[in-house]
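Me: Got a minute to go through this one with me? I'll start with the surface.

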Amino acid sequence: MKVIVNVRLKQGVLDPQGKAVLHALAALGFSGVRDVRVAKQIVLELDGEDRDKIYAEVAKMCDEILANTVIEDYEIVI
């Protein structure tokens, strides 16, 4: 089963990479962009068909290694 995990910084946590992209866009003439937040996407291929079990397993992966839950939020899409 294919699972997608989207990880992004929590609201209120500074995003220096997003700020760099925002400034680069402005320098290139893209004036309508007010803010940029950079995130990462992790795509997993897992064995099994039990969606609840897979969701729980991926949530554990996120809590232990895929996301820094102190400063990042994650979303799991099965």
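Me: How much area does the protein expose, and what share comes from carbon and sulfur atoms?
Reply: This is a predicted model. The protein exposes about 5,700 Å². Carbon and sulfur atoms supply 54% of that area.

Me: And what percentage of the residues count as buried?
Reply: 26% of the 78 residues.

Me: Charges next. How many positive and negative side chains?
Reply: There are 10 positive and 13 negative ones. The centres of the two sets lie 7 Å apart.

Me: What about Glu72, buried or exposed?
Reply: Glu72 is buried, yet it has no salt bridge.

Me: Which side chain of opposite charge is nearest to it, then?
Reply: Lys40, at 4.2 Å from Glu72. The salt-bridge cut-off is 4 Å, nitrogen to carboxyl oxygen.

Me: What else does Glu72 touch, leaving aside neighbours within four places in sequence?
Reply: Glu72 is in contact with Val7, Arg8, Leu9, Lys10 and Ala67, as well as Lys40.

Me: Which strand is Glu72 in?
Reply: Strand S3, which covers residues 72–77.

Me: Zoom out. What's the order of elements along the sequence?
Reply: β-α-β-α-β. That comes to three strands and two helices.

Me: And the overall dimensions of the C-alpha trace?
Reply: About 50 × 25 × 15 Å along the principal axes. The radius of gyration is 16 Å, whereas a compact globule of 78 residues would have one near 12 Å.

Me: Last one. Of contacts with a separation of 6 or more, what share joins residues 24 or more positions apart?
Reply: 66% of them.

How values were computed
Residues numbered from 1 in each chain as written. Predicted model: local features only at pLDDT ≥ 70, side-chain atom pairs only at ≥ 80, totals over all residues. Heavy atoms only, no water. Helix = DSSP H or I, 4+ residues; strand = E, 2+ residues; numbered from the N terminus. Rg over C-alpha atoms; globule rule 2.2 N^0.38 Å. Buried < 20%, exposed > 50% of the residue type's maximum accessible area, 1.4 Å probe, protein only. Contact = heavy atoms within 4.5 Å. Areas by Shrake-Rupley, 256 points an atom, 1.4 Å probe, with all protein chains shown as cover. Lys, Arg positive; Asp, Glu negative; His and termini not counted. Charge placed at Lys NZ, Arg CZ, Asp CG, Glu CD.
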